[in-house]
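Colleague: Could you walk me through a structure, one small question at a time?

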Amino acid sequence: MLTPRRTVLWLGAYAAAMAWVEAAVVVYLRRLYYPDDQLTLFPMRTWRTADLLVELAREAATIVMIIAVALLAAGSRTRRAAAFLYVFGVWDLFYYLWLKLALGWPVSWLEWDILFLIPWAWLAPWITPAFAALLFALWGGGVLASAAETVVPRRAVQLAVAGLALMLASFLEPAVPLLGAGAAAAAQFVPARFLWALYLPGAALLATGCAVGRPGRVGTAASGIPHAR
């Protein structure tokens, strides 16, 4: 059995290594689909159907990998959720770091990125998911590093879920004009706006939820009796 701190260390190493694998895939994809300019994603290039299906399967496989390692790394429901969020957060942060080192991208703080493709394209400035990833990594890592079991108040969960819902809506909204449109429309599409009015309140709610449910605020004593700290 690993100590809590060693668990955090090895999960972080796993996430950083997995992020390198994904960054390498993206470098190859950009060289294939953006041979003339690998630093500019929009207008989007049209993918072959076979390649798109492979990419969708790869994204789903990535989530399965994170879930699997989280289930193996922790026993309780809270610690497993923390492991999932910690690995997800570290993976996302290192993904952008590796892309910067390997490709020189992102070029600016507000550079648009294609975050995910399920159920349709998530589009946003890269810094927006990176902020959520930072919160995930800090909160999840704090829970896992603590020897005491963290009891997360329901209010913290409600705040975080509400915040994530608003942030998700801000990621999905830019690509709504592409729904039902053909390949020609996608090939000319450039995101016109990002709904900061949705994202910023969502980020504030998520951060508040993480603060309310932070490790050490509410814990479990050695006797198993919950107590406030």
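What follows is a friendly chat about pockets, a loop residue and a pair of helices in a predicted model.

Colleague: Let's start with open space. What volume does the largest pocket have?
Modeller: Remember that we are looking at a predicted model. The lining of this pocket has 50 residues, and Glu 59, Ile 114, Phe 116, Leu 117 and Ala 121 are the ones nearest its centre. As for the space in the largest pocket, the computed value is about 1,400 Å³.

Colleague: Which element gives the most residues to that lining?
Modeller: Several elements supply at least two residues each, among them α1 (4-33), α2 (49-73), α3 (77-103) and the strand β1 (112-116). The top contributor gives eight residues, and it is α2.

Colleague: How many residues of that lining are nonpolar?
Modeller: We can sort the lining by residue class. Four of its residues are polar and nine are charged. The nonpolar residues number 37.

Colleague: Now the second largest pocket, please. Which elements give two or more residues to its lining?
Modeller: The second largest pocket has a volume of about 360 Å³. It is lined by 17 residues, with Ala 81, Leu 85, Trp 139, Val 157 and Ala 160 closest to its centre. The elements you ask for are α3, α4, α5 and α7 (196-212).

Colleague: And how many charged residues line the second largest pocket?
Modeller: Let's use the classes again. This lining has 13 nonpolar residues and three polar ones. The number of charged residues is one.

Colleague: Is Leu 179 buried, partly exposed or exposed?
Modeller: Leu 179 sits in the loop between α5 and α6. Buried would need under 20% relative accessible area, and exposed would need over 50%. Leu 179 has 44% relative accessibility, so it counts as partly exposed.

Colleague: How many Å separate the C-alpha atoms of Leu 179 and Gly 104?
Modeller: Let's follow the chain, then look through space. Along the chain, Leu 179 and Gly 104 are 75 residues apart. Their C-alpha atoms are separated by 31 Å.

Colleague: What word describes how α1 and α3 lie to each other?
Modeller: The axes of α1 and α3 come within 7 Å, crossing at roughly 45 degrees. Roughly parallel would need an angle under 35 degrees, and roughly perpendicular runs from 65 to 115. The two helices α1 and α3 are therefore oblique.

Colleague: Is the crossing of α1 and α3 left-handed or right-handed?
Modeller: Here we need the sense of the turn between α1 and α3. Their crossing is right-handed.

Key
Residues are numbered from 1 along each chain as its sequence is written. This is a predicted model: local features need pLDDT of at least 70, side-chain atom pairs count only at pLDDT 80 or more; totals for chains, interfaces and linings use all residues. Side-chain values use heavy atoms; hydrogens and water are left out. On a 1 Å grid over the protein atoms alone, a cavity is a set of points where a 1.4 Å probe fits but cannot get out, and a pocket is an open set with protein on both sides within 12 Å along at least five of seven lines; lining residues have an atom within 4 Å of a point. Grid points are joined across faces, edges and corners, and a volume is the space filled by probe spheres set on the points. Helices (H or I, at least four residues) and strands (E, at least two) are DSSP runs, numbered from the N terminus. Ala, Val, Leu, Ile, Met, Phe, Trp, Tyr, Cys and Pro count as nonpolar, Asp, Glu, Lys and Arg as charged, and the others, Gly among them, as polar. Buried means under 20% relative accessible area, exposed over 50%, partly exposed in between (1.4 Å probe, protein chains only). Axes are lines fitted to C-alpha atoms, for helices over the stretch in contact, and angles run from 0 to 180 degrees between N-to-C directions. Angles under 35 degrees count as roughly parallel, over 145 as roughly antiparallel, 65 to 115 as roughly perpendicular and the rest as oblique. A crossing is left-handed if the near helix is turned anticlockwise from the far one by less than a right angle, and right-handed if clockwise.
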